[in-house]
Amino acid sequence: MSRLLFSPMRVGALTVPNRVVMAPLTRNRAPEAIPTPLMAEYYAQRADPERGAGLIVSEATAISPQGQGYADVPGLYGSEQIDGWKQVTRAVHARGGHVFCQLWHVGRVSHQLLQPDLGAPVAPSAIRANTKTYLIDNEGQGGFALTSEPRALHRHEIPQIVHDYAAAARNAVQSAGFDGVEIHGANGYLLDQFLKTGANRRIDDYGGSIANRARLMLEVARAVCDAVGHEHVGIRVSPVTPANDIVDDDPQPLFEHLARQLAPLGLAYVHVIEGATGGAREVEGRPFDNARLKAAYRAAGGRGAWMANNGYDPALAHEAIDTGRADLVAFGRSFISMPDLTERLRRGGPYQGLDKRTLYGGGAAGYTDYPALAD
Ligand code: 8OZ
């Protein structure tokens, strides 16, 4: 095993000090969708260029009120939210770190209680996702609830959603001080819903063929690149995840088409969740060749970093980087319990486990109180 994991890498306009990325992680600690000083502390703890993440990707952040699907997740469409995020990016930069903002529209994975005017969540088609969202009641008690029945977006509503992504990207980079944005195209949320046959039964030019199902994600990617510059834009996809009840009939050609169409944009990186998000790296009944996806992207002229995620242990992370299978490896849960994960990888441990009870909602416990190594 080499030291390549701890070597610098170009990511768009940035040079990051190591190949260890903090993956986006929903933590439900932003009441009113506004980032707090506690969040700034949490991210700064993980931002040290030697001991922490070479690049942090923020928790998923709603581009609009309609794009919100869980209680107390942050947004980036209003001035208070921008001001809240400014504290976060300042704290990260003060530590010498780098941070991208993950831009999120949940589509059908929402609840009427979270939607503007208590309306139905929006989706490509009126098909409910058999999955749960997270709500917090007036007493501050959190719990999971089934998603509400969605309604199909009208064709004329789609340009507004593209516009909302671009506006949120501008807010992130030009106002809140992020180094870039990551388009959340994964895990059964809106863009993934448009991509995949299990959620998209549209008969207009956003449904049916692969080209049509990929249209919204490509329009969003181009609009966000126009808004903040392609070197400040990454995208995250999850070809075969079953997360949030999503499925596609034939993901390999779908994602290779998407990769070929993304290639000319000059993105900073492509971030791939390999397998089932937070679970198995191979999904039963859903074969997928990640190497072929990357090859299709490169063959079409796609440059930028290739970021791999899901179920990486230290040995697999070294293997991915040393063989060039990936340029960056993103760790999620490990970064929750180990703010200095990169230093621990460098030393070969010790590794520290996670308390699952404090993942969603709450305060400092299980959030900013995981200790770093003493020296
Ligand atoms: C866990 C809980 C809520 C949301 C994702 C944004 O899966 C999420 C998420 C994860 O991408």
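Axes here are lines fitted to C-alpha atoms, for helices over the stretch in contact, and angles run from 0 to 180 degrees between N-to-C directions. Helices (H or I, at least four residues) and strands (E, at least two) are DSSP runs, numbered from the N terminus. The views below come from a predicted model, in which local features need pLDDT of at least 70 and side-chain atom pairs count only at pLDDT 80 or more, while totals for chains, interfaces and linings use all residues. Residues are numbered from 1 along each chain as its sequence is written, and side-chain values use heavy atoms, with hydrogens and water left out.

**View 1. Eight strands close into a barrel.** Follow the strands around in the order β3-β4-β5-β10-β11-β12-β13-β14, and you will find parallel pairing (two strands pair if DSSP finds at least two bridges between them). On average, neighbouring strands of this sheet are turned by 25° against each other, direction ignored. Helix α2 (residues 79-94) packs on the sheet and touches β4 (55-62) and β5, where contact means heavy atoms within 4.5 Å. The direction of α2 makes about 175° with that of β4. Helix α7 packs on the sheet too, touching β12 (269-273) and β13 (305-309). Its direction makes about 165° with that of β13.

**View 2. Strand β4 sits between its partners β3 and β5 in the barrel order.** On one side, β4 runs parallel to strand β3 (residues 20-22), joined to it by two bridges. On the other, five bridges join β4 to β5, again in parallel. Ile-56 of β4 is a handy landmark, as it stands opposite Met-22 and also opposite Val-99 in β5. Eight of the eight residues of β4 are buried (under 20% relative accessible area; exposed is over 50% and partly exposed in between, with a 1.4 Å probe and protein chains only), so this strand is largely enclosed by the rest of the structure. Moving on, strand β5 (residues 99-104) pairs with strand β10 (residues 180-184) over four bridges, in the parallel sense. Look here for Leu-103, whose bridge partner in β10 is Ile-183.

**View 3. Two buried residues belong to helix α3, Ile-161 and Ala-168.** Ile-161 is found in α3 (residues 158-175), and its relative accessibility of 3% makes it buried. Not counting residues up to four places away in sequence, Ile-161 touches Ile-63, Gln-66, His-105, Leu-153 and Leu-190. Ile-161 and Ser-64 are 97 residues apart in sequence, yet their C-alpha atoms are 8.5 Å apart in space. Ala-168 is buried as well, with a relative accessible area of 1%. Leaving aside neighbours within four places in sequence, Ala-168 is in contact with Ile-63, Leu-76 and Leu-103. For a sense of scale, 25 Å separates the C-alpha atoms of Ala-168 and Ile-246, which are 78 residues apart along the chain.

**View 4. Helices α6 and α7 pack together with their axes 8 Å apart.** The angle between α6 (residues 251-262) and α7 (residues 290-299) is about 30°. That makes α6 roughly parallel to α7 (angles under 35 degrees count as roughly parallel, over 145 as roughly antiparallel, 65 to 115 as roughly perpendicular and the rest as oblique). Their crossing is right-handed, meaning that the near helix is turned clockwise from the far one by less than a right angle (anticlockwise would be left-handed). From α6, the contact is made by Gln-252, Phe-255, Glu-256, Ala-259, Arg-260 and Leu-262. From α7, the partners are Arg-292, Leu-293, Ala-296 and Tyr-297. By class, this contact has six nonpolar, one polar and three charged residues. Ala, Val, Leu, Ile, Met, Phe, Trp, Tyr, Cys and Pro count as nonpolar, Asp, Glu, Lys and Arg as charged, and the others, Gly among them, as polar.

**View 5. Helix α5 packs against α6 with the axes 10 Å apart.** Here α5 (residues 210-228) and α6 meet at an angle of about 35°, and α5 passes α6 in a right-handed crossing. Among the α5 residues in this contact are Ile-210, Ala-214, Met-217 and Leu-218, and the α6 residues they meet include Pro-253, Leu-254, His-257 and Leu-258. The residues of this contact divide into 10 nonpolar, two polar and two charged.

**View 6. Trp-306 has its place in strand β13.** With 3% relative accessibility, Trp-306 counts as buried. Its contacts, not counting residues up to four places away in sequence, include Val-270, Val-272, Leu-293, Tyr-297, Arg-325 and Asp-327. The C-alpha atoms of Trp-306 and Val-181 are separated by 15 Å, with the two positions 125 residues apart along the chain as the sequence separation.
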